[in-house]
Structures are given as structure tokens and as C-alpha cells.
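Work through the exercises below with the sequence and the model side by side, and try each task before reading its solution.

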Amino acid sequence: MTYQPQKPFFQRLQGHARSTLIAGVLILIPVAITYVLVKWAFDTIDGVLQPYIEPVVGRSIPGLGLIALALSAYLLGLLWTKQVGRRAIRASQEFLLRVPVVGAVYSPARKLIESFTGDSAAGFKRVVIVEYPREGAWMIGFLTGITAFDSGETVGVIYLPTAPTPNSGWVAMIPVENIYDTTMSVPEAMSMVLSGGISSPLGIDLTPMDPQEAAEFLAQGGMAAVTEGKIED
């Protein structure tokens, strides 16, 4: 057995303090980030009504903005459950889409939110993997459509989210023969992106996308509503 001299007490104390401090900082950083984001959201939302409330009651009421937001969301949801209310909301949405500048912002924002909910035909419902941005580098994405170039090449329109904020990303058009279907669900894929890959499945089964499937859809004409494992009108 080789004898290893023990480090001086001060060095051992310094090493212990350093490792303990690092562990504590790593625990505190996510808490601090969460606090900052929540406080920013709270102050932003809460500050909308305060300028109108303070002159009336003589002081600010913390949390009033959040209460008003929650109440508005509930009332809109309640209105959506009624046929008349649903028509009114859809008419309002159509109006916003026609307003110059406002419509250009509202339209993609609305589609993006609907995609993350997965409740509409435009939702993220089909998780794929492609070699991007170079050979040997794989990215997880969501197949959102099928189209074709003038040359006749059929390509899949894929939204490639960035981590840890999947609401930002870019769109790539990849030949269908280079697209691989996966067995991952949308929640699993979202969890993987949000965690920066920490929450990853133990294994991912890849199946090359069937070019005939895409060709049959294009022959019908129209945009794709891609769902799990198939393309629908």
C-alpha cells in the first residue's frame, strides 16, 4: 500500500469550502433564474392596471394585474364554450388578421401557440430527426408540412426548435428520404428540448419516412396536416 501524505488542514478546508460552495451555487442558480423570470412577468403584467387603479383607491394593489389576467382568460374560455361566443372570437381573430402590421405579427404568433398546444391540425404532432446542419449531426424537429420544388423533389417542412426555448428556432426543408420518423411523443420531445437534452429517452427508434406517402399527398394538392405516422388532409 502506497502511503499518501495527508494535505494540510488549511488546504483540506479550502477544498471542502470550494466544493460545497459550488454545489450550493448550482442549486441556487435555477432558483434565481426562476425568481427573476417570475418577478419580471409579475411586474410586467401587474403594472398594466396599476396606473388606472392607484388614482381611484389611492394606492397600488399588488397582484391585481395577475388576477385580472386570470379572470380575462377564464371569461374568454367560458365564452369559447358557447356557440355565439365562439363566432364572436373567431370574427375578432379574423379582424386582427386583416389589420396591417398587426396581422403580420398576430398570425404567426397564433399559429405558433396552436402548434405547441397540439390541438389543431397545424399542431406539432409528428416528431422527426434529421441530419442538420451537417452530415453526422442530428437534430430533433417537428414535421409541419410537405411541399415540392419545381425540379420535382419532394421535401418535408420541419420546424427545428432551439434549446431551452422551443418557441425560437428555424424552418428547414429537407428531402423526405432524409427524414426519419421517431417513436417519441410531442411531450417527450418538448421535455428534451426544454431541458437542453438532460431529459432524453434511453433509446430512439428511427424509421425512414416513406417517400410514397408524401408523393400521394402531393398528388391530392393542398397543405399537409401531419399526424403521428401519417399525413392527412
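**Exercise 1: two packed helices**

Helix 3 (residues 64–80) packs against helix 4 (residues 83–98) at an angle of about 115°, and their axes are 6 Å apart. This is a predicted model, in which local features need pLDDT of at least 70 and side-chain atom pairs count only at pLDDT 80 or more, while totals for chains, interfaces and linings use all residues. Residues are numbered from 1 along each chain as its sequence is written, and side-chain values use heavy atoms, with hydrogens and water left out.

Task: classify the angle between helix 3 and helix 4, and find which residues make the contact.

Solution. Begin with the terms: helices (H or I, at least four residues) and strands (E, at least two) are DSSP runs numbered from the N terminus, and axes are lines fitted to C-alpha atoms, for helices over the stretch in contact, with angles running from 0 to 180 degrees between N-to-C directions. Angles under 35 degrees count as roughly parallel, over 145 as roughly antiparallel, 65 to 115 as roughly perpendicular and the rest as oblique, and helix 3 is therefore roughly perpendicular to helix 4. Next, taking contact to mean heavy atoms within 4.5 Å, helix 3 contributes Leu-76, Leu-79 and Trp-80, and helix 4 contributes Gly-85, Arg-86, Ile-89 and Arg-90. Finally, the residues of this contact divide into 4 nonpolar, 1 polar and 2 charged, where Ala, Val, Leu, Ile, Met, Phe, Trp, Tyr, Cys and Pro count as nonpolar, Asp, Glu, Lys and Arg as charged, and the others, Gly among them, as polar.

**Exercise 2: the sheet**

Task: work out in which order the 6 strands are arranged in the open sheet, and which strands stand at the edges.

Solution. The order is 4-3-2-1-5-6, with antiparallel pairing, two strands being paired if DSSP finds at least two bridges between them. Strand 4 (169–175) and strand 6 (206–208) each have a single partner strand, so one side of each is left without a neighbour in the sheet. On average, neighbouring strands are turned by 45° against each other, direction ignored. Now follow the individual pairs: strand 3 (residues 154–161) is joined to strand 4 by 7 bridges, and among the partners are Pro-161 and, in strand 4, Gly-169. One helix also packs on this sheet, namely helix 6 (residues 186–194), which touches strand 1 (127–131), strand 2 (138–148) and strand 3, and whose direction makes about 130° with that of strand 2. Strand 5 pairs with strand 1 over 3 bridges and with strand 6 over 3 bridges; Asp-181 of strand 5 stands opposite Val-128 and has Thr-207 in strand 6 as a bridge partner.

**Exercise 3: a threonine in strand 5**

Task: decide whether Thr-182 is buried or exposed, and establish what its side chain reaches.

Solution. Thr-182 belongs to strand 5 (residues 179–182). Its relative accessible area is 15%, so Thr-182 is buried, given that buried means under 20% relative accessible area, exposed over 50% and partly exposed in between (1.4 Å probe, protein chains only). The side chain of Thr-182 reaches the backbone nitrogen of Met-184 at 3.2 Å, and a polar atom of that side chain lies 3.1 Å from the backbone oxygen of Val-127. Beyond its neighbours within four places in sequence, Thr-182 is in contact with Val-127, Val-128, Ile-129, Ile-204, Asp-205 and Leu-206.

Conventions: Polar contact = N/O pair within 3.5 Å; in protein donor to acceptor, adjacent residues only side chain to side chain.
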